[in-house]
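Colleague: I'm new to this one, so could you pick a single part and walk me through it slowly? I'd like to see how that part sits among its neighbours.

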Amino acid sequence: MKIAIGGDHAGFKYKKRLISHLEDNGHEVKDFGPHSDDSVDYPDHVHPLASAISSEDFELGILICGSGNGVAMTANKHENVRAALCWNTELAALARQHNDANIICLAARFIAYEYAESLTDTFIETSFEGGRHERRVDKINC
């Protein structure tokens, strides 16, 4: 699977580890930055990633910042992007199953790395159920 990953300085260490994990599991990953833990403005990295998801250059995206909120808000400004802030595996699965989320947002300051990895795996491995959910997802874009 082609996966886009990015975030801000608070998510940098998790991002580096997740890239290795994803590549070890056969995924093609593009890092949208940042490329160090120096302070950055997350929209500078989120907008290019969300544009790549919107244009379907990548199947799924992962965004990581301190709270997960800023990256989620920014990504969701893009057409056909459905970014979901997830802090447990049930939410990660439901975001895919019911909302056809295409970006998972993680809060590096509030979850352990191992949990971030588990949430990401659940998100990637779960499919959209369609059916009655399709009608609802079709009504999201303005």
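Modeller: Happy to. Keep in mind that this is a predicted model. Let's start with I62 in strand β3, whose bridge partner in β5 is I104. Strand β5 covers residues 103-107, and 5 bridges join β5 to β3, with the two running parallel. There's another neighbour to look at, too: strand β1, residues 2-7, also pairs with β3 in the parallel sense, again over 5 bridges. For a landmark in that pairing, find I3, whose bridge partner in β3 is L60.

Now look at β3 itself, residues 60-65. Buried here means under 20% relative accessible area. By that cut-off, 6 of the 6 residues of β3 are buried, so the strand is largely enclosed by the rest of the structure. In a regular strand, side chains alternate between the two faces of the sheet. Here, L60, I62 and I64 point one way, while G61, L63 and C65 point the other way. Whichever way they point, all of these residues are buried.

While you have the model open, have a look at the largest pocket as well, which holds about 230 Å³ of space. It is lined by 16 residues, and those closest to its centre are N76, V81, R82, A83 and I140. Two elements, β4 (83-85) and α4 (89-99), each give two or more residues to that lining. The largest share, 4 residues, comes from α4. Sorted by class, the lining has 9 nonpolar, 4 polar and 3 charged residues.

Technical notes
Residues numbered from 1 in each chain as written. Predicted model: local features only at pLDDT ≥ 70, side-chain atom pairs only at ≥ 80, totals over all residues. Heavy atoms only, no water. Buried < 20%, exposed > 50% of the residue type's maximum accessible area, 1.4 Å probe, protein only. Pairing = 2+ DSSP bridges. 1 Å grid on protein atoms, 1.4 Å probe; cavity = no way out; pocket = protein on both sides within 12 Å on 5 of 7 lines; lining within 4 Å. Points joined across faces, edges and corners; volume = space filled by probe spheres on them. Nonpolar A, V, L, I, M, F, W, Y, C, P; charged D, E, K, R; others polar.
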